[in-house]
Amino acid sequence: MNKDKKAALDNLKKVVKEELYKCIRCGECRTVCPIFKESPAERYTARGKMQIAQALVDGRLEFTAHVREALDNCLLCTGCASQCGSGARADRVIMAARQAFAEELGLPAIKKAISLALGQGQGLLGAEARMGALLQPLFFKGVPQDSGLYRRFAMPFVDDKQYIPKVATTPFRSRVSFAGEKGWPVVTFFTGCMTNYVMTEIGDSLVKVLNALHIAVRVPSAQGCCGMPMLISGDREAVKKAARRNVEALEASNPNEPVLVVCPSGGHMLRHGYLELFADDASMRGRLESLASRTMDVTEFLVHRVGVERLEQLVGKGRARAVTYHDPCHLRKAQKVTQEPREILAVAARSGIKEMRHPEACCGMGGTYFLTHLDMSKKIQSRKIEDIMETCADCVATTCPGCIMQLRDGIRRSKDSGVAVKHVIQMLAEAF
């Protein structure tokens, strides 16, 4: 056994030992698992996956494609961990198992391609994004009254109705390095990949809102992907590389500056993921704890550091909007942030929120899951869209660019395709 395989297997043994004893096999995890709702088999439950991991460690199961399928069929929404009264972290076990599988069998082609693309230096990745923006019209076509694209011809992982977001001609970080005036208080903005390369309007909205509040925005150019896509695929070394790059980029700013995020996965990584990744590295702990302590979702910052009353003064009077809110998994379940986005949205909409039946239910995006498990992703998505349509809202807001893409795709497929999907910070910027 080579060094990397042994390290991955040792890590799996360690994580299984730390987490499995907590599980009392009550089955509570099944009540919140989006996969189990669609495919009620024990191997797809959190407790089932932990038993599979135990069998791998004990040698009762081998590292085969069939076993891997059960562990890969998970959105890593962290709903099971959030629901577990015993505190069992099935998500940790599943990620450790995926890392062991990556060493044993290699990464699946699509996950390897994504890991390689997002792990590159920002200069090369930015150039590729600009090239993609230029070539995108050759492969996809726009349609009237739609913010996205359709495919022009058959291609893998993309059906004829798939919503494809437009790649920005110029990435956000190439346009903005600092926005504001001298003497204003400053925040650091961790953009995330989607906001930097695709939904740059989210970054523009954040800048508009904070500048209106006389707060300057610093955007470190050396930052990159948070590493979540690589982490859920099992590419541990790529995640560590991304983490070190981001820590250095964000440390370049004032250590007292808040680090604001508009992507829950990025926020989860900066607050929790990096600390778990470098748990055995004493040289990194102080730096990571400092970064985690000053990382905030933009809605948390606006509620707790600015105040709702000040926002209401800037919004003023106007037409009330019928809005509903979708809780991103990595914000609600992993970071326990639920009320702040709703408070900001209520101010932006000038009305109460029309809550859907299950605002906490996963949308089915799951990073690369919507590519590797297309049919299951669409089944989960359809439940969410039904909930949205029942509210009769004309806009669904959320705080995750990935969820925005998935929800726009689902609404495009529905009978009522006129419902808008926006980030909460976009809603507030428009209200200003």
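1. Let's begin with D394 in this predicted model. D394 is partly exposed, at a relative accessible area of 30%. Its side chain meets that of R321 in a salt bridge, with 3.7 Å from N to O. The two residues come from distant parts of the chain, 73 residues apart: R321 sits in the loop between α17 (308–315) and β8 (323–325), and D394 in the loop between α21 (374–390) and β9 (395–398). R321 has a relative accessibility of 18% and counts as buried, so this bridge joins a buried residue to a partly exposed one.

2. That bridge has company, since the structure holds 27 salt bridges. One group deserves a look on your screen: K14, E18, E19, K22 and R92 are linked in a network of salt bridges. As general background, side chains of opposite charge can pair when their charged atoms come close.

3. Within that network, try centring your view on R92. R92 forms a salt bridge with E18, and the closest N and O atoms are 3.0 Å apart. This pair links distant parts of the chain, with R92 in helix α6 and E18 in helix α1 (residues 3–19), 74 residues apart. R92 is buried, with a relative accessible area of 19%; because buried means under 20%, that value falls within the cut-off. E18, at 28% relative accessibility, counts as partly exposed.

4. R92 also forms a salt bridge with E19, where the closest N and O atoms are 2.8 Å apart. Here too the pair links distant parts of the chain: E19 belongs to helix α1 and R92 to helix α6, 73 residues apart. Both E19 and R92 are buried.

5. Next, the aromatic rings. How many aromatic pairs does the structure hold? There are two. F63 and F101 form an edge-to-face pair, with 4.8 Å from centre to centre and 70° between the planes. F63 lies in the loop between α3 (46–58) and α4 (65–72), while F101 is part of helix α6 (residues 90–105), so the pair ties together parts that are 38 residues apart in sequence. F63 is buried at a relative accessible area of 17%, and F101 is buried at 1%. Helix α6 thus appears twice in this note, since R92 is in helix α6 and F101 is as well.

6. The other pair consists of F172 and F189. Their ring centres are 5.8 Å apart and their planes stand at 80°, so this pair is edge-to-face. F172 lies in helix α9 (residues 172–175) and F189 in strand β4 (residues 186–190), so the pair ties together parts that are 17 residues apart in sequence. Both F172 and F189 are buried.

7. Strand β4 leads us to the sheet. Five strands form an open sheet with mixed pairing, in the order β3-β5-β4-β6-β7. Its edge strands, β3 (178–179) and β7 (295–297), each pair on one side only. Strand β4 runs parallel to strand β6 (residues 259–261), and three bridges join the two. In this region, T188 stands opposite V259 in β6.

8. A word on the cysteines, which may interest you at the bench. How many disulfides does a search of the whole structure find? Zero. C363 is in no disulfide, and its nearest cysteine sulfur, that of C403, is 3.9 Å away. C363 counts as buried, at 2% relative accessibility. C403 is likewise in no disulfide, with the sulfur of C400 as its nearest cysteine sulfur, 3.6 Å away. C403 is buried, with a relative accessible area of 8%. The cut-off explains why these distances do not count: a disulfide is a pair of cysteine sulfur atoms within 2.5 Å.

9. Finally, the overall picture. The chain has 23 helices and 10 strands. Its radius of gyration is 21 Å, close to the 22 Å that the globule rule gives for 432 residues, so the chain is as compact as a globular protein of that length. Along the principal axes, the C-alpha trace spans about 65 × 50 × 45 Å. Of the 432 residues, 57% count as buried. Among the contacts in the chain with a separation of 6 or more, 76% come from residues 24 or more positions apart.

Definitions and conventions. Residues numbered from 1 in each chain as written. Heavy atoms only, no water. Phe/Tyr/Trp six-rings, centres within 6.5 Å; stacked < 30°, edge-to-face > 60°. Helix = DSSP H or I, 4+ residues; strand = E, 2+ residues; numbered from the N terminus. Buried < 20%, exposed > 50% of the residue type's maximum accessible area, 1.4 Å probe, protein only. Pairing = 2+ DSSP bridges. Salt bridge = Lys/Arg side-chain N within 4 Å of Asp/Glu carboxyl O. Rg over C-alpha atoms; globule rule 2.2 N^0.38 Å. Contact = heavy atoms within 4.5 Å.
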